[in-house]
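Let's take a walk through this protein together, stopping at a few spots along the way. Keep the 3D view open and turn it as you read.

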Amino acid sequence: MRDIETGHKYVKSAAEAGAAAIKAGLDNDCTTAGFLGPSGPPDYQRYIDAVKQGLLPEAAVDVALKRMLRTRFELGLFDPPGRAKTPPVPDSVLDSPEHRQIALQLARESMVLLKNDGLLPFARRPERIAVVGPLADSAACCSGTTTGFPSRSTTALDGIRKQFPQARVVFEPGTKYLRPKPAGCRQMR
């Protein structure tokens with residue numbers, strides 16, 4: 001959530017970030033108490049401020065709250081232990097070939113091509129491909145910030161190499177920012 005303001009700089013304040021997130025459909029902000037430390041504001045202060053500043057109608061917060069609570073009730077998260085309508089799903093089922101196939105289909109169907117001036121699909125197989133970006137070979141960045149640990153993952157670089165095995169694929173991070181530090185190095189603070 002803070003990334004809307006501090007990382008992406010889409011807005012200039014935490015209240016504006018809260019308003020933008022709720023208006024975009026956010027129902028649950030997975031923050032933890034004291035994210036900014038004991039002296040920081042409460043995690044949900046941004047929403048209170050957004051309403052007080054007139055950036056967000058209280059009714060929009062009510063809608064998000066109702067959807068989030070409905071989902072939690074349907075998942076049985078408020079049921080007494082052992083009495084949930086839907087029993088917990090074991091990892092062996094979640095990571096089954098069938099579920100991985102569904103996840104792959106979902107990923108394919110949810111991709112968005114922002115602009116295509118006729119370049120794609122390639123008329124012929126490219127012979128050389130340059131992959132530029134500090135996270136192209138990072139599996140950790142694919143998980144986001146609120147996930148568990150996948151049993152397997154594919155980086156963007158690995159995916160391109162697999163899709164175009166005949167091509168000469170050159171990788172250049174382009175920056176040291178966000179790159180893993182070499183073993184034995186201390187991170188500067």
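**Charged pairs and other stops**

Start with Glu127 and Arg124, which are both exposed. Their side chains meet in a salt bridge, with 3.9 Å from N to O. What's going on in a pair like that? Side chains of opposite charge can pair when their charged atoms come close. Before we go on, keep in mind that what you're looking at is a predicted model.

How many salt bridges does a search of the whole structure find? The answer is five. Let's look at another of them: the side chains of Arg100 and Asp95 meet in a salt bridge at 3.4 Å, again counted from N to O. How covered up are these two? Arg100 has a relative accessibility of 32%, so it counts as partly exposed, since that label covers anything between buried (under 20%) and exposed (over 50%). Asp95 is partly exposed too, with a relative accessible area of 30%.

Now stay with Asp95, because its side chain also meets the side chain of Arg152 in a salt bridge, at 3.8 Å from N to O. Where do these two sit in the chain? Asp95 lies in the loop between α5 and α6 (97–110), while Arg152 lies in the loop between β1 and α7, so this pair ties together parts that are 57 residues apart in sequence. Put the pieces together and you get one network: salt bridges that share partners join Asp95, Arg100 and Arg152.

While you're in that part of the chain, find Thr155, which is in the loop between β1 (128–132) and α7 (156–163). Is Thr155 buried or exposed? It's buried: its relative accessible area is 7%, and the cut-off for buried is under 20%. The side chain of Thr155 reaches the backbone nitrogen of Asp158 at 2.9 Å. And who else does Thr155 touch? If you leave aside its neighbours within four places in sequence, Thr155 is in contact with Ala136, Asp137, Ser138 and Ala139.

For the last stop, swing over to Phe78, in the loop between α4 (58–74) and α5 (91–94). Phe78 has a relative accessible area of 40%, so it counts as partly exposed. Phe78 also has company: together with Leu65, Leu69, Phe73, Leu75 and Leu77, it forms a nonpolar patch on the surface. Taken together, the residues of this patch have about 560 Å² of accessible area. Try colouring them in your viewer to see the patch for yourself.

Technical notes:
Residues numbered from 1 in each chain as written. Predicted model: local features only at pLDDT ≥ 70, side-chain atom pairs only at ≥ 80, totals over all residues. Heavy atoms only, no water. Patch = residues over 30% accessible without salt bridge, like charges linked within 9 Å, V, L, I, M, F, W, Y side chains within 5 Å. Areas by Shrake-Rupley, 256 points an atom, 1.4 Å probe, with all protein chains shown as cover. Salt bridge = Lys/Arg side-chain N within 4 Å of Asp/Glu carboxyl O. Helix = DSSP H or I, 4+ residues; strand = E, 2+ residues; numbered from the N terminus. Buried < 20%, exposed > 50% of the residue type's maximum accessible area, 1.4 Å probe, protein only. Polar contact = N/O pair within 3.5 Å; in protein donor to acceptor, adjacent residues only side chain to side chain. Contact = heavy atoms within 4.5 Å.
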